[in-house]
Amino acid sequence: MAALEEEFTLSTVPLGAGPNGLLGVEQSDKTDQFLVTHGGRTVILYKVSDQKPLGSWSVKQGQIITCPAVCNFQTGEFIVVHDNKVLRIWNTEDVNLDKVFKATLSAEIYRIHSIQGTEPLVLFKEGAVRGLEALLAEPQQKIETVLSDDEVIKWTKVFMVFRHPVLIFITEKHGNHFAYIQTFSSRTLSKYTLFHGQEEKSVIQNFTASVDRKFISLMSLSSDGCVYETSIPIHPRDPDENQRVVRSLLLKTVVAGNARSGVALTVLDQDHVAVLGPPLPASKECLSIWNTKFQTLQTSRELPQGTSGQLWYFGENLFMLHGKFLTVIPYKCEVSSLAGALGKLKHSQDPGTHTVPHFVNWETSRGYGFGSQNSEQSKRILRRRKIEVNVPPPAFEQLLSTIKKDSEKDIEVELCKFLAVKRTPDFHTIVGDIVLELLGRHTTEPSFYPRNSLMQLIQTHVLSYSLCPGLMEAALEKTDVQMLQLCLQQFPDIPESITCACLKLFLSISDDSLQETEINMESVSDCSDPVQEKMDEQTEILQNGFNADEQNCDSCDRKLNQKPQDAAEETTSCPVVPKRAALLNAILHSAYSEMFLLPHLKDIPAQHVTIMDWICLLLDANFTVVVMIPEAKRLLLSLYKFVKSQICICSELNKIEVSFRELQKLNQEKNNRELYSIEVLELF
Amino acid sequence: MGEFKVHRVRFFNYVPSGIRCVAYNNQSNRLAVSRTDGTVEIYNLSANYFQEKFFPGHESRATEALCWAKGQRLFSGGLNGEIIEYDLQALNIKYAMDAFGGPIWSMAVSPCGSQLLVGCEDGSVKLFQITPDKIQFERNFDRQKSRILSLSWHPSGTHIAAGSIDYISVFDVKSGSAVHKMLVDRQYMGVSKRKCIIWGVAFLSDGTVISVDSAGKVQFWDSATGTLVKNHLIANADVQSIAVSDQEDSFVVGTAEGTVFHFQLVSVTSNSSEKQWVRTKPFQHHTHDVRAVAHSPTALISGGTDTHLVIRPLMEKVEVKNYDAALRKITFPHRRLISCSKKRHLLLFQFAHHLELWRLGSTVATGKNGDTLPLSKDADHLLHLKTKGPENIICSCISPCGSWIAYSTTSRFFLYRLNYEHDNISLQRVSKMPAFLRSALQILFSEDSTKLFVASNQGSLHIIRLLEGSFKHLHTFQPQSGTVESMCLLAISPDGNWLAASGTSAGVHVYNIKHLKLHCTVPAYNFPVTALAIAPNTNNLVIAHSDQQPLPNDKTLLYNPLPPTNESDVIRRRTAHAFKISKIYKPLLFMDLLDERTLVAVERPLDDIIAQLPPPIKKKKFGT
């Protein structure tokens with residue numbers, strides 16, 4: 001469930017109200033530190049958790065900052081643009097902006113984008129895009145004009161897709177909107193016309209976007225108060241042609257239709273968006289979190305002093321203006337999984353990184369790493385694959401021989417070499433073979449346990465349980481919970497018996513040994529206050545597996561009355577330490593089918609039953625949510641129809657039965673003679 | 001054979017008592033059944049389900065629990081708080097012992113058969129040691145807060161499960177303390193019932209406890225952890241009884257809706273060693289509550305309020321397709337409840353606590369086969385004779401002349417003299433009957449009504465000479481040395497010279513009444529005797545056994561009339577034997593010849609019995 005935490009104000013200095021008061025908030029290369037660019041002359045670096053400024057820089061009187069300051073993640077330097085064309089680059093030691101590096105460009109800059117993993121990208125107002133390094137090498141280079149006359153950029157964002165940046169910007173011309181996608185891997189710029197569909201009259205007020213491997217999902221907030229979604233392919237079929245994309249309604253009336261200003265929209269994660277604006281025409285402005293999957297309002301926070309229609313989201317913090325102050329509202333969304341109901345549907349949380357295929361799709365696995373969706377090209381890949389399968393790369397041969405005899409260190413070195421080589425289409429089978437080879441040596445030579453190599457191989461994201469049977473068993477044997485967690489997260493096809501064995505191990509491993517191991521805590525990152533409760537040892541009388549502390553029967557009634565309370569306490573406090581919780585979460589996220597899991601679950605020892613009950617409660621809560629999914633609607637509807645017809649049949653059958661009974665009664669009356677009679681019987 | 005006038009009597013308003021408990025004994029293949037009036041019956045399943053013994057009921061002795069112990073000893077417990085042991089030889093109660101825990105609701109004998117547990121109203125579970133001739137209180141287990149309705153031993157004898165109201169307790173037998181308490185959900189179809197009564201528990205050797213309760217659930221519990229493993233909601237009403245087979249691969253439960261469900265342990269998939277309890281077959285042989293079930297190696301046995309004892313053979317366990325493979329429904333007692341005075345056309349009906357005397361009607365008309373003749377005089381209810389005291393009547397008889405009525409209860413023997421003056425009847429009790437006559441199992445008058453034969457439960461046979469208004473003890477045939485088997489069937493030859501008497505197994509004794517000595521003994525047959533008669537004129541003794549063997553062939557000694565000559569071969573062959581079959585009657589409780597050409601038949605249609613029971617739980621056949 002998404003939740004907003006207590007808000008706090010970042011700047012003590014009042015800013016100018018409205019959109020001009022604040023140009024932007026950007027991440028710096030250090031966590032928890034953000035660059036806030038005031039509309040005007042100042043850039044301030046804040047440490048958010050301390051609510052404290054770490055540094056402040058201003059441009060000279062007469063100059064004006066035109067573009068929010070960003071951090072170059074590759075060098076740690078800060079970049080700002082003033083007077084549209086002048087770049088300033090500095091770092092934290094610099095005091096005076098006037099004395100730092102300066103570059104004057106030949107065209108006006110719209111925005112500098114900087115994200116992890118790539119150099120900053122400069123977007124010019126005419127639509128051209130340049131990498132910062134190329135630009136600094138020749139500042140006065142000619143910048144081409146991409147956009148037509150009267151076409152202006154309204155919004156822009158950059159993503160990392162398969163380690164390459166993809167830049168999107170939206171322009172407007174005479175009320176029409178266009179989307180441009182600039183990819184840097186293939187250096188293509190594709191243009192799309194945003195087709196408004198039926199809602200022609202509404203004016204788009206705000207944009208946000210997220211990326212999902214092949215598509216950019218562009219969301220827009222229109223003046224009618226609804227959120228629309230448009231899917232734009234990252235790699236167009238024909239880059240030269242101007243294509244039209246249609247938007248579809250995603251959320252209805254999230255803000256009042258007539259709201260003039262102060263509306264904003266930003267994507268938080270796969271299923272959640274944050275919306276800024278007044279929910280009702282007369283009401284105060286609000287920050288609301290909506291779940292797009294279930295179409296539900298998750299939480300909302302009123303901003304009585306008004307806001308500016310600007311909203312930024314980084315990490316776990318939402319930044320916005322509240323009145324004249326920059327306000328931070330920490331946002332968290334507990335990881336909830338519909339594991340039991342939907343099977344495995346794991347989504348990578350942050351866009352731009354590699355996503356794991358949800359199901360074993362051999363076709364995509366083969367093509368993985370090529371980044372090409374062109375059908376003609378994939379045919380070529382298939383043809384090429386036939387040749388390559390028969391001729392494994394030499395690094396592989398080398399590696400196999402190393403595995404057979406050399407030390408773990410040597411193997412690691414060889415493995416690094418192997419992984420550095422470009423991936424072949426049958427990469428996953430080769431990786432599987434390597435793992436099997438390593439495991440083979442492990443079985444013959446139990447002291448040999450190349451943990452690092454195995455971890456590295458699992459992290460290639462191409463392995464599955466069936467590709468390397470025995471890996472999890474070995475990890476179970478070694479109580480290597482970290483590797484098990486990784487396997488549970490990565491493998492889509494773990495047998496239920498192994499899942500259960502993992503569960504048993506996770507439940508039985510001592511807290512002390514957990515403390516020493518390194519476990520990915522991402523799934524329980526919001527569990528801030530661990531309750532370190534030790535389970536009580538089993539005492540005399542147990543009620544349904546729970547200890548009721550019953551010494552004699554006289555206290556039974558009292559105990560029974562207390563029970564609901566106890567149960568409530570039981571559910572509110574998590575009985576496991578966060579590390580164990582992270583491991584259990586991995587189990588819950590893994591795919592299983594109840595029928596096969598249940599027989600193994602019976603083997604869970606008694607002292608772990610409390611934890612099991614707690615998990616069941618968690619799952620139950622999730623199940624109730626499932627029926628609300630739009631996808632379930634059709635199923636429910638047909639189910640309803642079916643049941644209705646069944647009831648119909650049953651009621652008719654009942655009527656027939658009653659009629660038969662009446663007939664039978666009549667029949668009986670005819671046969672039923674009096675209590676006494678004398679009859680003639682002839683026997684022969 | 002000829003034409004008969006048949007008096008078809010359907011006014012014998014007899015309703016058997018409902019079945020409360022059944023207990024199956026594997027060693028002897030016998031089934032003990034207790035009824036709501038306190039009667040306990042013993043059925044011999046090997047002898048074609050013949051009810052070979054019975055213990056008469058008692059108003060204050062409602063049995064709630066029944067079980068067999070080592071050495072085929074039978075115990076019962078009831079609402080009067082007494083544990084009773086039955087003497088299966090002498091057919092009387094060996095002793096009754098107060099358990100001092102209030103009404104007894106449940107009972108269980110340990111797997112080795114030497115310890116007896118009773119569950120009482122006050123929440124106590126009491127352990128008794130079974131000694132060779134009695135039982136001895138050993139100790140109490142931890143007392144629970146409400147009555148113990150069901151008990152079951154773990155096959156190892158170390159733990160027991162006890163079903164109470166809203167929870168099941170698991171006790172350690174050694175310490176007598178509760179180790180687990182398993183609360184049962186009161187919820188019933190989402191509605192919270194006031195209480196959930198655990199009607200039955202069964203403890204399996206793998207530690208699973210199966211419970212059945214008033215919310216319609218069959219639940220599987222893990223007794224090691226005290227957790228619910230599986231839940232089957234099988235009925236909208238109470239599930240009242242459970243019985244598990246010795247192999248623990250199948251069990252049966254009975255519900256208040258009259259349904260019996262069979263559960264079996266079957267493999268999850270073929271070839272898999274993993275097994276799962278699956279509800280396999282539902283049987284609807286009852287209309288009312290199934291209060292008790294038992295599981296013999298080859299059959300499911302159930303009984304309840306609708307008074308039927310139903311034996312449903314498991315077809316997969318039956319090897320030969322014979323009588324044993326057929327469904328059995330036993331409703332009526334396997335003994336005589338009616339006697340007839342031929343001379344005066346009187347019928348004496350025996351009920352649990354009273355006798356009724358009826359005079360048959362008459363007709364002057366004649367007709368052909370199948371005709372119902374117009375009555376010139378209807379049947380009359382002459383007399384209603386109520387017993388004193390709480391005991392049930394064991395047996396009764398009216399003399400052929402109609403002037404004497406005799407009946408017996410466990411503690412007293414009654415003889416009445418009837419005087420007929422026109423339409424008035426006066427009744428005169430013969431006082432000072434000797435004490436040895438009480439608890440008689442069978443009473444018979446000689447054809448000329450001058451002698452009374454009484455078979456006592458000690459195996460002896462008394463002969464009494466009847467005089468006008470008084471009697472004289474003539475002779476007593478003592479049982480043969482070493483046997484105490486009581487006689488339950490008597491037959492006298494029409495000439496009054498020969499008396500045949502039979503017990504359940506030891507053969508038929510024939511006595512010479514003139515010389516008052518044992519004439520001969522017919523060797524015992526594998527199956528018990530169910531009926532005896534001596535043919536007039538020939539003095540041939542006819543014995544019927546419970547095996548219902550095929551009809552005798554043409555060479556039989558029995559009088560075989562010439563078959564009709566004008567019929568086809570097929571019919572002639574079919575009718576070539578001595579037995580003539582008519583299938584037009586409802587269940588017959590009595591049949592006798594009043595004279596050469598007149599028969600009396602007492603029928604008891606099952607529908608009439610069902611009509612007298614409280615209405616069953618209404619259940620839609622096609623549920624919604």
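**Salt bridges and strand pairing in a predicted model**

In this predicted model, the side chains of A:R451 and A:D480 meet in a salt bridge, with 2.7 Å from N to O. A:R451 belongs to helix α8 (residues 451-458) of chain A, whereas A:D480 sits in the loop between α9 (471-477) and α10 (481-490) of chain A, so the pair ties together parts that are 29 residues apart in sequence. The two partners can also be described by their accessibility: A:R451 counts as partly exposed at 26% relative accessibility, while A:D480 is buried, with a relative accessible area of 5%. The cut-off behind these words is that a residue counts as buried under 20% relative accessible area.

Side chains of opposite charge can pair when their charged atoms come close. Over all chains, a search of the whole structure finds 26 salt bridges, and two further examples from chain A can be followed in the same way.

One of them joins the side chains of A:D511 and A:R580, with an N to O distance of 2.4 Å. This pair links distant parts of the chain, since A:D511 lies in helix α12 (residues 511-516) of chain A and A:R580 in helix α14 (residues 578-589) of chain A, 69 residues apart. Here A:D511 counts as buried because its relative accessibility is 17%, and A:R580 counts as buried because its relative accessibility is 7%.

The other is formed by the side chains of A:D32 and A:K47, which meet in a salt bridge at 3.6 Å, N to O. A:D32 is found in the loop between β3 (22-27) and β4 (33-38) of chain A, and A:K47 in strand β5 (residues 42-47) of chain A, so that distant parts of the chain, 15 residues apart, are linked by the pair. A:D32 is partly exposed at 22% relative accessibility, and A:K47 is partly exposed as well, with a relative accessible area of 25%.

The strands offer another way through the model. Strands of a sheet pair through backbone hydrogen bonds, either parallel or antiparallel. In chain A, strand β11 (residues 109-113) has 4 of its 5 residues buried, so this strand is largely enclosed by the rest of the structure. Its pairing with strand β12 (residues 121-124) of chain A is antiparallel and consists of 4 bridges; within this pairing, A:I109 has A:F124 of β12(A) as its bridge partner.

A sheet with strands from both chains can be traced next. This open sheet of 5 strands has mixed pairing and follows the order β35(B)-β32(A)-β1(B)-β52(B)-β51(B). Its edge strands, each of which pairs on one side only, are β35 (372-373) and β51 (588-595) of chain B. Along one edge, β51(B) pairs with strand β52 (residues 598-603) of chain B in the antiparallel sense, over 6 bridges, and B:M591 stands opposite B:A601 in β52(B).

Finally, chain B can be viewed from a single residue, B:L382, which lies in strand β36 (residues 380-386) of that chain. Leaving aside residues up to four places away in sequence, B:L382 touches B:L346, B:L357, B:W358, B:R359 and B:I425. A further reference point is B:D423, which is 41 residues from B:L382 along the chain, with 9.2 Å separating the C-alpha atoms of the two residues.

How values were computed: Residues are numbered from 1 along each chain as its sequence is written. Chains are lettered from A and ligands numbered from 1 in the order in which they are written. This is a predicted model: local features need pLDDT of at least 70, side-chain atom pairs count only at pLDDT 80 or more; totals for chains, interfaces and linings use all residues. Side-chain values use heavy atoms; hydrogens and water are left out. A salt bridge is a side-chain nitrogen of Lys or Arg within 4 Å of a carboxyl oxygen of Asp or Glu. Helices (H or I, at least four residues) and strands (E, at least two) are DSSP runs, numbered from the N terminus. Buried means under 20% relative accessible area, exposed over 50%, partly exposed in between (1.4 Å probe, protein chains only). Contact means heavy atoms within 4.5 Å. Two strands pair if DSSP finds at least two bridges between them.
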